Amino acid sequence: MAKELPSLSGHVCLVTGASRGIGKGIALMLGKAGATVYITGRTLVSTDGKTGSLTDVAKEVEDQGGVCIPVQCDHGNDDQVKSVFDKIKAEQNGRFDLLVNNAYKGVKRIFDTAGKPFYEQPLNTWDEINNVGLRSNYVAAYYAAQMMVPNKHGLIVNVSSAGGLAYLFNIPYGVGKAANDRMMADMAVELKKSNVATISLWPGPVNTEFVSSALQSPDANDRMASVFKDAEDPTFSGKAVAWLAADSNIMSKSGSIQIVAELAREYGFSDVGGNVPLSFRQVKFLVKRTYPSLQWMVPEFLYVPGWVLGAQFHRFKTPSKM
């Protein structure tokens, strides 16, 4: 097993939407690895002592020896986003190594509308899910690339999910995740000559603060409970991002989808407690979900090939003969 984290000393990073959840987990691990981490979110200081805030996260990063700069920002406001990058450029003399697009506004709406078809949901569900979480990722990448391209160096990561491959939660969610994946693939084409890599990162289900609270509610949805069974800790994604940022051969992965559980096996890190969750591509994962009593018989090295998944969800059909 490799060491938990690589050294990112000297790296300058930005994690959006980092006051809680996956963003917080990523910020904690980047700071622990030695990077200077800027974090954004709408809540700078908690007023109720319960809501996650940027200053709380910054203190956790600093308590473990890291450097963290909290910047209040609504990623639905382009001017505020530009100001964040102006601040980083001025304070770091133009150095910028890593952008992690994690800001996402739609989690509550997803839980509130679980099980309802799109035509019974509020019409603005689309914007609630895909303004901050899709369009905002494009805006942040726009400003990040303007700093990275002149330096001929950088990595942009969009936090996405397998919901971009097949139906999950609702229509706006799946469309947004598929678009995030395509965004990274297409940006890779234009950024290749500048040695800037783009990655779409797929965590498994993650046990964030909101998810944990929602599942404990009396109104918890059984389908949601099954999705988040055996969920990953938010820091698991953070370790994956840290290793990607340290990978000297990262351009070979540019434009691709990377699954956190598979990166754990590649780089040799584990989740909290030493556990390494299964990737949804592992045959053992599929057997565990369908015939759990037989999972012990299936070795972990058996994977469903990517081309099989692509064929399964391919939308082009061969025309039938007349």
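Two strands pair if DSSP finds at least two bridges between them. Helices (H or I, at least four residues) and strands (E, at least two) are DSSP runs, numbered from the N terminus. The model is predicted: local features need pLDDT of at least 70, side-chain atom pairs count only at pLDDT 80 or more, and totals for chains, interfaces and linings use all residues. Residues are numbered from 1 along each chain as its sequence is written, and side-chain values use heavy atoms, with hydrogens and water left out.

**Exercise 1. Describe the setting of strand β4.**

Step 1. Strand β4 covers residues 98–101. Strand β1 (residues 12–15) runs parallel to β4 and is joined to it by three bridges. Within this pairing, C13 has L98 of β4 as its bridge partner.

Step 2. Strand β5 (residues 154–159) also runs parallel to β4, with four bridges between them. Here N101 stands opposite N158 of β5.

Step 3. Now consider the two faces. A residue is buried under 20% relative accessible area, exposed over 50%, and partly exposed in between (1.4 Å probe, protein chains only). L98 and V100 on one side of β4 are buried, as are L99 and N101 on the other, and both faces are thus covered.

**Exercise 2. State how the rings of F236 and F269 are arranged, and which parts of the chain they tie together.**

Step 1. Rings of Phe, Tyr and Trp (its six-membered ring) pair if their centres lie within 6.5 Å; planes under 30 degrees apart count as stacked, over 60 as edge-to-face and the rest as tilted. The whole structure holds eight aromatic pairs under this rule.

Step 2. For F236 and F269 the ring centres are 5.5 Å apart and the planes stand at 65°, so the pair is edge-to-face.

Step 3. F236 belongs to helix α9 (residues 234–246), while F269 lies in the loop between α10 (260–267) and α11 (283–290); the pair therefore ties together parts that are 33 residues apart in sequence. Both F236 and F269 are buried.

Step 4. Elsewhere, ring pairs link F85, F96, Y142 and Y143 into a cluster.

**Exercise 3. Compare the surroundings of H11 and P122.**

Step 1. H11 lies in the segment before β1, whereas P122 is found in the loop between α4 (107–112) and α5 (125–151).

Step 2. H11 has a relative accessibility of 15% and therefore counts as buried. P122, with a relative accessible area of 41%, is partly exposed.

Step 3. Contact means heavy atoms within 4.5 Å. Leaving aside residues up to four places away in sequence, H11 touches A35, T36, R95, D97 and A245. With neighbours within four places likewise set aside, P122 is in contact with R109 and T113.

Step 4. The C-alpha atoms of P122 and R109 are separated by 9.5 Å, and these residues are 13 apart along the chain.

**Exercise 4. State how many disulfides the model contains, and whether C68 and C73 are buried or exposed.**

Step 1. A disulfide is a covalent bond between the sulfur atoms of two cysteines. The rule applied here asks for a pair of cysteine sulfur atoms within 2.5 Å.

Step 2. By this rule the count is zero disulfides.

Step 3. C68 is buried, at 5% relative accessibility, and C73 is buried, at 2%.
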